[in-house]
Amino acid sequence: QVQLVESGGGLVQAGGSLRLSCVASGSALRTSDLGWFRQAPGKEREFVARITSSGAVTAYADSVKGRFTISRDNAKNALYLQMNNLKPEDTAVYYCGRRYGTGPRDYDYWGPGTQVTVSS
């Protein structure tokens, strides 16, 4: 059974920073690409960033490129999202997920999410 648990969310002023963490159970995750998504109230869940199993390749949504950095520590079964220069439009519940395929939405296991609120 795979379990993902996010943490690190909170309330921050615009221009501030937060670092999200996602701890995963299951050694199989070390061979899986992982990603971050977010969902704002009344909106669909949207892609934020993803990283390959080795950590060598990353990809970002245009809206966060240059501000967010995804990374992972396979020894700790952990995934991170460093978020800098936060904007009010970054307010959302952030989820980590495991990617099982090559499609943009080929994610199966999800954590319960962590709330990020950016005040103006």
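A disulfide here is a pair of cysteine sulfur atoms within 2.5 Å. Keep that in mind as you click around this predicted model.

**Stop one: the cysteines.** Select Cys22 and Cys96 and show their side chains. The two are joined by a disulfide, with an S to S distance of 2.0 Å. That pair fits the cut-off of 2.5 Å, and a search of the whole structure finds one disulfide. Now trace the chain from each end of the bond: Cys22 sits in strand 3 (residues 18-24), while Cys96 belongs to strand 9 (residues 92-99). The two cysteines are 74 residues apart, so this pair links distant parts of the chain.

Which hand does the disulfide have? Look along the S-S bond of Cys22 and Cys96: the torsion is about 60°, so the disulfide is right-handed. Next, switch on a surface. Cys22 has 3% relative accessibility and counts as buried; Cys96, at 0%, is buried too.

**Stop two: Asn77.** Go to the loop between strand 7 (68-73) and strand 8 (78-83), and pick Asn77. Check its backbone: phi is near 55°, a positive value in a residue other than glycine. Why look twice at that? Most residues other than glycine have a negative phi. As for the surface, Asn77 counts as buried because its relative accessibility is 15%, and the cut-off for buried is under 20%.

**Stop three: Asn85.** Move along to the loop between strand 8 and strand 9, where you'll find Asn85. This residue isn't a glycine either, yet its phi is positive, at about 50°. Is Asn85 buried or partly exposed? With 41% relative accessibility, Asn85 counts as partly exposed.

Notes: Residues are numbered from 1 along each chain as its sequence is written. This is a predicted model: local features need pLDDT of at least 70, side-chain atom pairs count only at pLDDT 80 or more; totals for chains, interfaces and linings use all residues. Side-chain values use heavy atoms; hydrogens and water are left out. Helices (H or I, at least four residues) and strands (E, at least two) are DSSP runs, numbered from the N terminus. Buried means under 20% relative accessible area, exposed over 50%, partly exposed in between (1.4 Å probe, protein chains only).
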